[in-house]
Amino acid sequence: MTENNDTLLLKAAKNGDIKGLCALLAAGAKVDACDRQGTTALMFAANLGYTEIVRSLLDAGANINLPRKLYGLTALMLAASAKQLDIVQFLLSKGADVNATNEDGSTALMAAVLKGYIDVVRVLLAAGAQVNIADKDDDTALKLAVKQGKIEVLQTILQTGVDVNIPDGEGETLLTLAADLGHLEVVEALLAAGADVSLKNADGGTALSAAAAGGHSAIAAAFTRSRC
(Lines give C-alpha, C1' and ligand atoms only; values in the text may rest on other atoms or scores of the structure.)
Protein backbone atom coordinates (compact mmCIF):
# COMPACT_ATOMS: atom_id res chain seq x y z
CA MET A 1 0.00 0.00 0.00
CA THR A 2 2.80 2.41 0.91
CA GLU A 3 4.63 1.74 -2.36
CA ASN A 4 1.45 2.40 -4.30
CA ASN A 5 0.90 5.68 -2.47
CA ASP A 6 4.48 6.72 -3.30
CA THR A 7 3.86 6.05 -6.98
CA LEU A 8 0.58 7.94 -6.85
CA LEU A 9 2.34 10.88 -5.16
CA LEU A 10 4.70 11.19 -8.13
CA LYS A 11 1.76 11.00 -10.52
CA ALA A 12 -0.11 13.71 -8.59
CA ALA A 13 2.94 15.98 -8.72
CA LYS A 14 3.33 15.45 -12.48
CA ASN A 15 -0.36 16.15 -13.06
CA GLY A 16 -0.56 19.23 -10.84
CA ASP A 17 -3.13 17.50 -8.60
CA ILE A 18 -2.56 19.31 -5.31
CA LYS A 19 -5.63 17.88 -3.56
CA GLY A 20 -4.63 14.34 -4.42
CA LEU A 21 -1.05 15.03 -3.43
CA CYS A 22 -1.99 16.42 -0.02
CA ALA A 23 -4.29 13.45 0.60
CA LEU A 24 -1.49 11.02 -0.26
CA LEU A 25 0.93 12.81 2.06
CA ALA A 26 -1.67 12.62 4.85
CA ALA A 27 -2.04 8.91 4.11
CA GLY A 28 1.66 8.34 4.68
CA ALA A 29 3.23 8.60 1.23
CA LYS A 30 6.98 9.23 1.45
CA VAL A 31 7.59 12.86 0.50
CA ASP A 32 10.97 12.08 -1.09
CA ALA A 33 9.85 8.93 -2.92
CA CYS A 34 11.34 8.79 -6.42
CA ASP A 35 11.06 6.99 -9.73
CA ARG A 36 13.78 4.83 -11.28
CA GLN A 37 15.75 7.90 -12.38
CA GLY A 38 15.63 9.34 -8.89
CA THR A 39 13.11 12.06 -9.73
CA THR A 40 11.04 13.10 -6.72
CA ALA A 41 7.65 14.78 -6.55
CA LEU A 42 9.43 18.05 -5.71
CA MET A 43 11.61 17.77 -8.81
CA PHE A 44 8.61 17.11 -11.05
CA ALA A 45 6.66 20.04 -9.58
CA ALA A 46 9.63 22.41 -9.77
CA ASN A 47 10.27 21.51 -13.41
CA LEU A 48 6.62 21.76 -14.43
CA GLY A 49 5.83 25.00 -12.60
CA TYR A 50 3.45 23.83 -9.86
CA THR A 51 4.29 26.40 -7.16
CA GLU A 52 1.63 25.34 -4.64
CA ILE A 53 2.67 21.70 -4.93
CA VAL A 54 6.28 22.72 -4.35
CA ARG A 55 5.15 24.63 -1.26
CA SER A 56 3.13 21.68 0.06
CA LEU A 57 5.98 19.23 -0.46
CA LEU A 58 8.48 21.47 1.33
CA ASP A 59 6.00 22.00 4.18
CA ALA A 60 5.82 18.20 4.41
CA GLY A 61 9.60 17.96 4.76
CA ALA A 62 10.82 17.34 1.21
CA ASN A 63 14.61 17.51 0.87
CA ILE A 64 15.09 20.70 -1.12
CA ASN A 65 18.68 19.93 -2.15
CA LEU A 66 18.32 16.23 -2.91
CA PRO A 67 20.15 15.40 -6.18
CA ARG A 68 18.41 13.21 -8.74
CA LYS A 69 20.13 9.89 -9.45
CA LEU A 70 20.21 10.73 -13.16
CA TYR A 71 22.80 13.50 -13.74
CA GLY A 72 22.63 14.70 -10.13
CA LEU A 73 20.13 17.48 -10.85
CA THR A 74 18.40 19.32 -8.01
CA ALA A 75 14.92 20.84 -7.96
CA LEU A 76 16.48 24.30 -8.35
CA MET A 77 18.45 23.23 -11.43
CA LEU A 78 15.33 21.75 -12.99
CA ALA A 79 13.30 24.89 -12.27
CA ALA A 80 16.05 27.16 -13.65
CA SER A 81 16.43 25.06 -16.78
CA ALA A 82 12.67 25.18 -17.38
CA LYS A 83 12.44 28.97 -16.83
CA GLN A 84 10.17 28.54 -13.80
CA LEU A 85 11.06 31.92 -12.32
CA ASP A 86 8.53 31.94 -9.46
CA ILE A 87 9.63 28.50 -8.32
CA VAL A 88 13.31 29.43 -8.57
CA GLN A 89 12.61 32.40 -6.28
CA PHE A 90 10.54 30.29 -3.90
CA LEU A 91 13.13 27.50 -3.66
CA LEU A 92 15.86 30.04 -2.96
CA SER A 93 13.73 31.65 -0.25
CA LYS A 94 13.40 28.23 1.36
CA GLY A 95 17.13 27.55 1.43
CA ALA A 96 17.93 25.84 -1.86
CA ASP A 97 21.69 25.69 -2.44
CA VAL A 98 22.24 28.16 -5.28
CA ASN A 99 25.73 26.83 -5.96
CA ALA A 100 24.99 23.10 -5.86
CA THR A 101 26.61 21.20 -8.74
CA ASN A 102 25.39 18.20 -10.72
CA GLU A 103 27.54 15.22 -11.70
CA ASP A 104 29.16 17.27 -14.48
CA GLY A 105 29.98 20.12 -12.10
CA SER A 106 27.34 22.42 -13.58
CA THR A 107 25.15 24.78 -11.56
CA ALA A 108 21.64 26.18 -11.91
CA LEU A 109 23.23 29.44 -13.11
CA MET A 110 25.03 27.63 -15.93
CA ALA A 111 21.76 26.07 -17.05
CA ALA A 112 20.04 29.47 -17.11
CA VAL A 113 22.96 31.10 -18.95
CA LEU A 114 23.03 28.35 -21.59
CA LYS A 115 19.36 28.88 -22.34
CA GLY A 116 19.55 32.67 -22.18
CA TYR A 117 16.99 33.00 -19.38
CA ILE A 118 18.02 36.49 -18.28
CA ASP A 119 15.43 36.88 -15.49
CA VAL A 120 16.43 33.55 -13.96
CA VAL A 121 20.10 34.57 -14.23
CA ARG A 122 19.38 37.81 -12.36
CA VAL A 123 17.53 36.03 -9.55
CA LEU A 124 20.28 33.44 -9.13
CA LEU A 125 23.01 36.10 -9.09
CA ALA A 126 21.08 38.11 -6.51
CA ALA A 127 20.95 34.96 -4.37
CA GLY A 128 24.72 34.61 -4.46
CA ALA A 129 25.30 32.34 -7.44
CA GLN A 130 29.02 32.15 -8.23
CA VAL A 131 29.98 32.87 -11.83
CA ASN A 132 33.40 31.19 -11.78
CA ILE A 133 32.51 27.65 -10.65
CA ALA A 134 34.02 25.40 -13.33
CA ASP A 135 32.41 22.20 -14.58
CA LYS A 136 34.21 19.12 -15.92
CA ASP A 137 34.63 20.84 -19.31
CA ASP A 138 36.29 23.82 -17.57
CA ASP A 139 33.29 25.98 -18.44
CA THR A 140 31.97 28.58 -16.02
CA ALA A 141 28.73 30.57 -16.19
CA LEU A 142 30.79 33.55 -17.33
CA LYS A 143 32.62 31.53 -19.98
CA LEU A 144 29.35 30.06 -21.24
CA ALA A 145 27.88 33.55 -21.58
CA VAL A 146 30.87 34.51 -23.73
CA LYS A 147 30.59 31.35 -25.83
CA GLN A 148 26.86 31.81 -26.35
CA GLY A 149 27.34 35.42 -27.40
CA LYS A 150 24.24 36.44 -25.43
CA ILE A 151 25.18 40.01 -24.67
CA GLU A 152 22.40 40.83 -22.18
CA VAL A 153 23.22 37.75 -20.10
CA LEU A 154 26.93 38.57 -20.22
CA GLN A 155 26.40 42.20 -19.19
CA THR A 156 24.26 41.06 -16.25
CA ILE A 157 27.08 38.80 -15.07
CA LEU A 158 29.70 41.50 -15.62
CA GLN A 159 27.71 43.84 -13.37
CA THR A 160 28.70 41.62 -10.43
CA GLY A 161 32.24 42.97 -10.79
CA VAL A 162 33.76 39.62 -11.72
CA ASP A 163 37.43 39.59 -12.82
CA VAL A 164 37.34 39.13 -16.59
CA ASN A 165 41.08 38.48 -16.87
CA ILE A 166 41.21 35.13 -15.06
CA PRO A 167 42.45 32.54 -17.60
CA ASP A 168 40.92 29.08 -17.92
CA GLY A 169 42.76 25.82 -17.29
CA GLU A 170 44.49 26.09 -20.65
CA GLY A 171 45.59 29.67 -20.08
CA GLU A 172 43.06 31.24 -22.45
CA THR A 173 41.29 34.45 -21.48
CA LEU A 174 37.65 35.28 -22.10
CA LEU A 175 38.73 38.05 -24.44
CA THR A 176 40.76 35.64 -26.58
CA LEU A 177 37.81 33.24 -26.67
CA ALA A 178 35.41 35.98 -27.77
CA ALA A 179 37.88 37.19 -30.40
CA ASP A 180 38.33 33.68 -31.74
CA LEU A 181 34.55 33.23 -32.00
CA GLY A 182 34.09 36.60 -33.69
CA HIS A 183 31.67 38.01 -31.10
CA LEU A 184 32.26 41.77 -31.48
CA GLU A 185 29.61 42.85 -28.95
CA VAL A 186 31.03 40.42 -26.40
CA VAL A 187 34.55 41.72 -27.03
CA GLU A 188 33.39 45.30 -26.51
CA ALA A 189 31.59 44.37 -23.27
CA LEU A 190 34.69 42.60 -21.95
CA LEU A 191 36.91 45.55 -22.85
CA ALA A 192 34.52 47.89 -21.03
CA ALA A 193 34.77 45.57 -18.01
CA GLY A 194 38.55 45.85 -17.96
CA ALA A 195 39.72 42.95 -20.12
CA ASP A 196 43.46 43.18 -20.84
CA VAL A 197 44.28 42.93 -24.57
CA SER A 198 47.95 42.26 -23.89
CA LEU A 199 47.55 39.03 -21.90
CA LYS A 200 49.16 35.99 -23.55
CA ASN A 201 48.38 32.29 -23.37
CA ALA A 202 50.96 29.51 -22.93
CA ASP A 203 51.82 29.68 -26.64
CA GLY A 204 52.30 33.44 -26.59
CA GLY A 205 49.02 34.10 -28.38
CA THR A 206 46.86 37.13 -27.58
CA ALA A 207 43.28 38.16 -28.23
CA LEU A 208 44.54 40.30 -31.12
CA SER A 209 46.34 37.38 -32.76
CA ALA A 210 43.20 35.27 -32.34
CA ALA A 211 41.09 37.95 -34.05
CA ALA A 212 43.63 38.25 -36.86
CA ALA A 213 43.81 34.48 -37.35
CA GLY A 214 40.02 34.31 -37.59
CA GLY A 215 39.80 37.20 -40.01
CA HIS A 216 37.75 39.27 -37.58
CA SER A 217 38.91 42.72 -38.69
CA ALA A 218 36.28 44.66 -36.73
CA ILE A 219 37.43 43.00 -33.51
CA ALA A 220 41.10 43.66 -34.33
CA ALA A 221 40.15 47.31 -34.88
CA ALA A 222 38.38 47.41 -31.51
CA PHE A 223 41.56 46.16 -29.84
CA THR A 224 43.62 48.80 -31.59
CA ARG A 225 41.21 51.52 -30.43
CA SER A 226 41.33 50.22 -26.85
CA ARG A 227 45.08 50.72 -26.77
CA CYS A 228 44.89 54.36 -27.87
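## A walk along the helices

α7 and α9 are roughly parallel to each other (angles under 35 degrees count as roughly parallel, over 145 as roughly antiparallel, 65 to 115 as roughly perpendicular and the rest as oblique). Their axes come within 9 Å and cross at roughly 10°; such axes are lines fitted to C-alpha atoms, for helices over the stretch in contact, with angles from 0 to 180 degrees between N-to-C directions. Helices here are DSSP runs (H or I, at least four residues; strands are E, at least two), numbered from the N terminus.

Before you go on, note that this is a predicted model, in which local features need pLDDT of at least 70, side-chain atom pairs count only at pLDDT 80 or more, and totals for chains, interfaces and linings use all residues. Residues are numbered from 1 along each chain as its sequence is written, and side-chain values use heavy atoms, with hydrogens and water left out.

**Stop 1: the whole chain.** Zoom out first. The protein chain has 14 helices and zero strands, and its C-alpha atoms fill a box of roughly 75 × 25 × 25 Å along the principal axes. Of its 228 residues, 48% are buried (under 20% relative accessible area; exposed is over 50%, partly exposed in between, with a 1.4 Å probe and protein chains only).

**Stop 2: the annotated repeats.** Now colour residues 4–36, 37–69, 71–103, 104–136, 137–169 and 170–202, where an unreviewed UniProt entry places the feature "repeat: ANK". UniProt positions follow the numbering used here, feature names are shortened, and annotations may be inferred rather than shown by experiment. Residues 4–36 are 64% helix and 0% strand, with end C-alpha atoms 14 Å apart. For residues 137–169, the figures are 48% helix, 0% strand and 10 Å.

**Stop 3: α7 and its partners.** Select residues 108–115, which form α7. Six of its eight residues are buried, namely Ala108, Leu109, Met110, Ala111, Ala112 and Val113. These buried residues pack against α5 (75–81), α8, α9 and α10 (151–158). Towards α9 (residues 141–148), Leu109, Met110, Val113 and Leu114 of α7 meet Ala141, Leu144, Ala145 and Gln148, where contact means heavy atoms within 4.5 Å.

Add α8, residues 118–126: its axis comes within 9 Å of that of α7, crossing at roughly 155°. The two are therefore roughly antiparallel. On the α7 side the contact uses Ala108, Leu109, Ala112 and Val113; on the α8 side, Val120, Val121, Leu124 and Leu125. Just after α7, look for Gly116, with a positive phi of about 75°.

**Stop 4: Thr107.** Step back to the loop between α6 (85–93) and α7, where Thr107 lies. Is Thr107 buried or exposed? Thr107 is buried, with a relative accessible area of 3%. Leaving aside neighbours within four places in sequence, Thr107 contacts Met77, Asn99, Ala100, Thr101 and Ile133.

**Stop 5: the core.** Show Leu57, Leu91, Leu124, Ile157, Leu190 and Phe223, which touch the most other members of the 81-residue largest nonpolar core. A nonpolar core is a set of buried Ala, Val, Leu, Ile, Met, Phe, Trp, Tyr and Cys residues joined through side-chain atoms within 4.5 Å. Centre on Leu124: beyond four places in sequence, its contacts include Leu76, Ala80, Val88 and Leu92.

**Stop 6: α11.** Finish at residues 174–181, the helix α11, with six of its eight residues buried. Its buried residues pack against α9, α12 (184–192), α13 (207–213) and α14 (217–227). Just after α11, Gly182 takes a positive phi of about 80°.
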